[in-house]
Amino acid sequence: MTRSEKRHFRLFATRQSSNGDIKFLQLFDAFDGMSAYDEERVLRQVPSIKKLQFANLKANLYKQLLASMRLFHAQQNTDIQLHEQLDYARVLYNKGLYQQSLKMLEKVKAAAQQASYPHIQLAAIDFEKHIESQYITRSLEGRAEELSEEATNNIAHLSRLHKASSLALRLYGLYIKMGHVRSPEECASITDFFRQQLPLLDLRQASFSEKLAFYQAHVWYNYIMQDFKACYRYAQKWVDLFEAEPHMKEQQPMLYIKGLHNLLLALFSLSYYTKFMEALQQLEDFAADNNRRSSPNIEMLLFLYIYTNRINAYYMEGRFTEGLKIVPDIRRNLRVFQQQLDPHRQLIFYYKIAGLYFGSGDYNSTILYLEKIIHFKDVNLREDIQCFARILNLIAHYEAGKDELLEYQVKSVFHFLGKMNDQQPMQVAIFEFLRELPDTSPFELKSAFIKLKEKLLLISENPMYRRPFLYLDIISWLDSKIKNIPVQQVMQQKFKTLK
C-alpha cells in the first residue's frame with residue numbers, strides 16, 4: 001500500500017470512533033511495521049490480541065482494507081462509482097421511493113453507455129424492469145416495449161462483444177504458448193478457427209467495446225499469422241478508436257496503452273522506423289502525465305511497454321552498446337513489479353536483454369541471460385522463445401570461444417527441439433553449420449559463412465519459414481563474419497535504409 005492509502009485506511013478505520021483500541025487497526029499497525037509475516041511477533045507486540053482471535057481479526061482486517069481501498073480508488077474507477085449508484089437505487093427501492101430509484105437507474109444507464117460498460121447498463125435495465133413490472137410508477141404508454149427493446153439491444157451488443165473478446169483472448173493464449181505459426185497446417189487450422197468464431201459486426205452500429213474487441217481479435221490473428229501489414233492496420237484502428245473518443249483514454253487507459261504497444265510491435269516487425277518512433281513518443285507522452293498513472297497495473301504496463309519498445313528502437317538503430325544503459329533500470333523494475341509481471345513477460349525481457357549484449361559483443365553476459373530462459377521450468381510457455389534462446393546460446397558460445405562446450409550444446413538443442421517438434425529448415429541449417437564449424441579451417445571460414453547466408457536467404461523466401469528471423473537476425477550476424485566487422489556496425493548500416 002502507498003502512504004496515502006495507509007493514511008486513508010487509518011481515517012476510515014476510526015471514522016466512527018477515535019478509540020485507539022480497535023483491534024483490527026492495532027493488527028494493521030503491527031503488520032505495517034514488519035518486513036516479513038511473523039504471527040508470533042504480532043502476538044507479542046499486541047498482547048490484547050489472543051491467539052484464538054487471530055484468524056477472525058485477520059479476516060476482519062482484510063475486509064476493512066478492501067472496503068477502504070474501494071472507497072479510496074472510486075474516483076479513478078467509473079465502474080466502481082456506477083456499481084455504487086446501483087446500490088443507492090436498491091436502497092431507494094427498498095424504502096419504497098420508486099420514482100427516485102428509477103431516476104437513479106436512468107443516470108446509471110446513461111453513464112454506463114457513455115463509459116462503455118454494457119454489463120452495468122444491462123443490470124440497470126433489469127432492475128428497472130423489475131420495478132416497472134411490480135409497481136405502477138409511470139403513465140407513459142409503451143414503457144414496457146421500450147424497456148424490452150432496450151434489454152434486447154443491449155443483450156445483442158453483449159453477445160457480439162463476448163464472442164469477439166473471447167476470440168481475442170483465445171488467440172492471445174495460443175500466441176503465449178506457441179508464438180507465430182510454424183507450418184501450413186497450423187496456418188489453416190488457426191484461420192478456420194478464426195473465421196468460425198469471428199462475430200458478424202456492423203461497425204457503423206457497433207458500440208465502442210464491440211469495435212475494440214473486434215480489432216483486438218484481428219490484431220492477434222494477423223500477428224500470429226505474421227501478416228504484419230494487416231496487424232498494423234487493425235492496431236491503428238484500435239488506437240484511432242480511442243483518439244476519436246478521448247474520454248475513453250481516461251476510462252480504460254490500460255486498453256489504450258495495450259493498443260499503442262501492439263501498434264509498436266507491428267511497426268517494429270515491418271521495420272517502419274519513423275512511424276515506430278512517432279507511436280513510441282505517443283506512448284511516452286501519455287505516460288508523462290502523472291494523473292494517468294493511477295494504479296500499479298498501469299505503472300507496470302507503462303514500464304513493460306515503454307522499455308520493451310525502447311529496446312526495439314535500439315535494435316533498429318543498431319545502438320546495442322548504448323541500449324545497455326537501460327538494463328539496470330529494467331532489472332530494478334523487474335524486482336519492483338515482480339508480483340504483477342507474469343513469467344511470459346519476464347522471458348521476453350531476458351531474451352531482449354540477451355540480444356542487446358550479443359549485439360554489443362558481450363557474449364558471456366548474453367549466455368547469462370539466455371540461461372535464465374533455458375533453465376525456466378515450464379518449457380511449454382513460449383516454445384518459440386525457448387527454441388531461439390537455445391540457438392542464440394549456441395552462437396554466443398561459438399563467439400565466446402567456448403568450443404569445448406559447443407558439441408554438447410548442439411546435442412542438447414537437438415534433443416530439446418525433438419521434444420518440441422520444432423525443427424525448421426533455418427534451425428537445421430544453423431545446427432549443421434555449427435556442428436561442422438570446429439573442423440572448418442580458418443581459410444574456409446569466410447566461404448562457409450557465405451554459403452550459410454545464401455542457404456538462409458533462400459529459406460526466408462518461404463513465408464512459413466520467416467518466423468525464426470523475427471527473433472534472431474542471423475543474416476546480420478553472418479554479414480558481420482563475412483565482412484569482419486561488428487554486428488552493431490552491420491545493423492547501423494541497415495538502419496540507414498529504413499523508412
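Buried means under 20% relative accessible area, exposed over 50%, and partly exposed in between, with a 1.4 Å probe and protein chains only. This is a predicted model, in which local features need pLDDT of at least 70, side-chain atom pairs count only at pLDDT 80 or more, and totals for chains, interfaces and linings use all residues. Residues are numbered from 1 along each chain as its sequence is written, and side-chain values use heavy atoms, with hydrogens and water left out.

**Exercise 1. Place Ala206 and decide whether Ala206 is buried or exposed.**

Step 1. Find the place. Ala206 sits in the loop between helix H9 (184-197) and H10. Helices here are DSSP runs of H or I with at least four residues, strands are runs of E with at least two, and numbering starts at the N terminus.
Step 2. Apply the cut-off. Ala206 has 11% relative accessibility, so Ala206 counts as buried.
Step 3. List the partners. Contact means heavy atoms within 4.5 Å. Setting aside neighbours within four places in sequence, Ala206 is in contact with Leu201 and Lys211.
Step 4. Look further off. Leu498 and Ala206 are 292 residues apart in sequence and 38 Å apart in space, C-alpha to C-alpha.

**Exercise 2. Describe how H10 and H13 pack.**

Step 1. Choose the quantities. Two packed helices are described by the angle between their axes and the distance between the axes. Axes are lines fitted to C-alpha atoms, for helices over the stretch in contact, and angles run from 0 to 180 degrees between N-to-C directions.
Step 2. Read the values. Helix H10 (residues 208-224) and helix H13 (residues 253-269) meet at an angle of about 30 degrees, with axes 12 Å apart. That makes H10 roughly parallel to H13. The classes are: under 35 degrees roughly parallel, over 145 roughly antiparallel, 65 to 115 roughly perpendicular, the rest oblique.
Step 3. Name the residues. From H10 come Leu212, Gln216, Val219, Trp220 and Tyr223; from H13 come Leu255, Asn262, Leu265 and Ser269.
Step 4. Sort them. This contact of H10 with H13 has six nonpolar, three polar and no charged residues. Ala, Val, Leu, Ile, Met, Phe, Trp, Tyr, Cys and Pro count as nonpolar, Asp, Glu, Lys and Arg as charged, and the others, Gly among them, as polar.

**Exercise 3. Repeat the analysis for H2 and H4, then place Gln64.**

Step 1. Read the values. Helix H2 (residues 23-32) packs on H4 at an angle of about 85 degrees, with axes 9 Å apart. H2 and H4 are therefore roughly perpendicular to each other.
Step 2. Sort the contact. The residues of the contact of H2 with H4 divide into eight nonpolar, two polar and two charged.
Step 3. Turn to Gln64, found in helix H4 (residues 54-72). Its relative accessibility is 16%, so Gln64 counts as buried.
Step 4. List its partners. Not counting residues up to four places away in sequence, Gln64 touches Phe9, Phe12, Arg15 and Phe24.

**Exercise 4. Which two loop residues other than glycine have phi near 60 degrees?**

Step 1. Recall the background. Most residues other than glycine have a negative phi.
Step 2. Take Ser116, whose phi is near 60 degrees, a positive value. Ser116 lies in the loop between helix H6 (98-114) and helix H7 (118-134). At 9% relative accessibility, Ser116 is buried.
Step 3. Take Asn484, whose phi is also positive, near 60 degrees. The loop of Asn484 joins helix H25 (474-483) and helix H26 (487-495). Asn484 is exposed, with a relative accessible area of 69%.
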